[in-house]
Amino acid sequence: MSRAGSSLNETGVKLNGDPGADLSVFTKALTAAESPETRLLSAFKKDTHARKAYLAGREYYSEEGKTFELRLVRRIKQQLSADPTTRPEYPSSLGLTQFTRRATEVALGKSSRAIVENRAFGVQTPGFTAAVRLGAELLRHWYDGGAARCGTVYLSSPLSCADSLAGIFQAAGIPDIRQYYYWDDEQRGVCLEKLLQDLEKAPERSVVVLSASAHYPTGADLSQNQWAMITKLVMRRRLFPFLLLPAQALCCGDLERDAWPVQYCASQGMELLCAQSFSHCFGLYGEAVGHLLCVLKQNSLLLSVQRQADKIVRSLWAQPSVGGAQVVATVLSNPAHLVEWKQELKSIVERCMLIREVLRERLRLLGTPGCWDHLTQQGGLYCFTGLNGEQVEFLSKRRHVYLLPIGCLNVSAINGRNLDYIAESIHLAVTTSV
């Protein structure tokens, strides 16, 4: 007879006394697929070619090829670290009040009816994807609370290979993820007709995730007229809009213009969620500053939704970090800082647009088949080239130029030293496969 806590196998050998005989609880865990970004970066680092170029990053790169820190942000960080009155302390689970107030105003406008009527509030999150996750958790809670909601989420097509939006909603307990038509390869632009057709078929109470600006991965945004048509359909079909602002002001260099879709939807009396990121537009890549904006139909719901958000946050990350949010709040609260910040952003946007124009012109001079006007019709950091998988593979294998498999590239990673080589490489990829 064996003692309690020990066991024998069929040959009488004690298993739990032998560390090597015990199986790990993770033995049967499913192996997750390596992300395309991780795989590409690993291949790029191993590549020893002198002219290799990595165009799949998510950060903004300067002309020198370095991740860029705004001068104003560097100066404010130094001031905050030297301030003797600053004391380390945990913020509220919903974040720094000054930050959430300013972030809400940036998205909705200070004179927004939703703000005046106290129907809007914000939650600071540790990054953009955390804002999406919190929104997904709130939506799942609402689904569970009533059978009227079907729990279907619609994302735009194509999804980036590295895009984690579907996984975020699924991790929050919303498994029914569908796609609506967005990008048309032949037109190399947004196909509004097919987009509206797909949303027309969506079940009532479905969540529609829409990019307010800097659509990733295509860089192609909806016009104000297109937004008006989509908003009308969303209201008529009783769909719920979940808007994304991943890089506000980096699309066209204008805070208000990039946030116009959010303000327009709110002005129509719509309930909505909006995930914002301040990492790109402030260069706070290592500090992950995100924000979830909630706009409600009536202020009587505000307290209950805030409490639910607080409960969810405490189970996910408890409190967000303070440093990056303090920098953002300081800039957005000071008119002089705001002017300086906008000027720095404008120079970034203008450089990205110049790169698009020069790249298009280089391809034209090389006689590259096809029309490349879509390069300058898009905006933001990312560009959907229209290159197919075979052409993208040619670029990495034969020319040592690394793009995401769907043909998306980071415009800011192109500079004066590599632009001609990249243009020649794209030309060769297209002409070789013709």
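Contact here means heavy atoms within 4.5 Å. The model shown in these views is predicted.

**View 1. Arg102 in helix H3 and its partners distant in sequence.**
Arg102 belongs to helix H3, which spans residues 97–108. Setting aside residues up to four places away in sequence, Arg102 touches Lys110, Leu332 and Ser333. Arg102 and Ser333 are 231 residues apart along the chain, yet their C-alpha atoms are separated by 7.1 Å. A polar contact of 3.0 Å joins the side chain of Arg102 to the side chain of Ser333.

**View 2. Helix H13 and what covers its buried residues.**
Helix H13 covers residues 323–333. Its buried residues are Gly324, Ala325, Val327, Val328, Ala329, Val331 and Leu332. In general, an α-helix has 3.6 residues a turn, so residues three or four places apart point the same way. The cover over the buried residues of H13 includes helices H2 (71–82), H3, H11 (279–282) and H14 (335–366). Strand S2 (120–125) is also part of that cover.

**View 3. Helices H13 and H14 at their crossing.**
Two packed helices are described by the angle between their axes and the distance between the axes. For H13 and H14, the angle is about 105° and the axes are 5 Å apart. Angles of 65 to 115 degrees count as roughly perpendicular, so H13 and H14 fall in that class. H13 contributes Thr330, Val331, Leu332 and Ser333 to the contact. H14 contributes Pro335, His337, Leu338 and Trp341. The residues of this H13–H14 contact divide into 5 nonpolar, 3 polar and no charged.

**View 4. Helices H2 and H14 where they meet.**
The axes of H2 and H14 come within 9 Å and cross at roughly 140°. H2 and H14 are therefore oblique to each other. On the H2 side are Arg71, Leu72, Arg75 and Ile76. On the H14 side are His337, Glu340, Trp341 and Glu344. The residues of the H2–H14 contact comprise 3 nonpolar, 1 polar and 4 charged.

**View 5. Glu344, a buried residue of helix H14.**
Glu344 sits in helix H14. Its relative accessibility is 4%, so Glu344 counts as buried. Neighbours within four places in sequence aside, Glu344 is in contact with Leu70, Arg71 and Leu72. The Glu344 side chain reaches the backbone nitrogen of Leu72 at 3.1 Å. Glu344 and Gly253 are 91 residues apart in sequence, and 9.3 Å apart in space from C-alpha to C-alpha.

**View 6. Asn418 in the loop before helix H17.**
Asn418 lies between strand S13 (408–410) and helix H17 (419–433). Asn418 is buried, with a relative accessible area of 15%. Beyond its neighbours within four places in sequence, Asn418 is in contact with Ala53 and Ala413. The side chain of Asn418 reaches the backbone oxygen of Ala413 at 3.2 Å.

**View 7. Cysteines Cys281 and Cys383, neither in a disulfide.**
A disulfide needs two cysteine sulfur atoms within 2.5 Å. By this rule the count is 0 disulfides. For Cys281, the nearest cysteine sulfur is that of Cys274, 12 Å away. Cys281 counts as buried, at 1% relative accessibility. For Cys383, the nearest cysteine sulfur is that of Cys408, 7.5 Å away. Cys383 is buried too, with a relative accessible area of 2%.

**View 8. Backbone details in three loops.**
Most residues other than glycine have a negative phi, and most peptide bonds are trans. The peptide bond from Tyr216 to Pro217 is cis, with omega near 20°. Pro217 is placed in the loop between strand S7 (207–211) and helix H8 (224–236). Arg188 is not a glycine, but has a positive phi of about 55°. Arg188 lies in the loop between strand S5 (183–184) and strand S6 (189–190). At 22% relative accessibility, Arg188 counts as partly exposed. Ala288 has a positive phi as well, near 45°. Ala288 is in the loop between H11 and strand S10 (290–295). Ala288 counts as partly exposed, at 28% relative accessibility.

Key: Residues are numbered from 1 along each chain as its sequence is written. This is a predicted model: local features need pLDDT of at least 70, side-chain atom pairs count only at pLDDT 80 or more; totals for chains, interfaces and linings use all residues. Side-chain values use heavy atoms; hydrogens and water are left out. Buried means under 20% relative accessible area, exposed over 50%, partly exposed in between (1.4 Å probe, protein chains only). Helices (H or I, at least four residues) and strands (E, at least two) are DSSP runs, numbered from the N terminus. A polar contact is a pair of N or O atoms within 3.5 Å; within protein, one must be able to donate a hydrogen and the other to accept it, and residues adjacent in sequence count only if both atoms are side-chain atoms. Axes are lines fitted to C-alpha atoms, for helices over the stretch in contact, and angles run from 0 to 180 degrees between N-to-C directions. Angles under 35 degrees count as roughly parallel, over 145 as roughly antiparallel, 65 to 115 as roughly perpendicular and the rest as oblique. Ala, Val, Leu, Ile, Met, Phe, Trp, Tyr, Cys and Pro count as nonpolar, Asp, Glu, Lys and Arg as charged, and the others, Gly among them, as polar.
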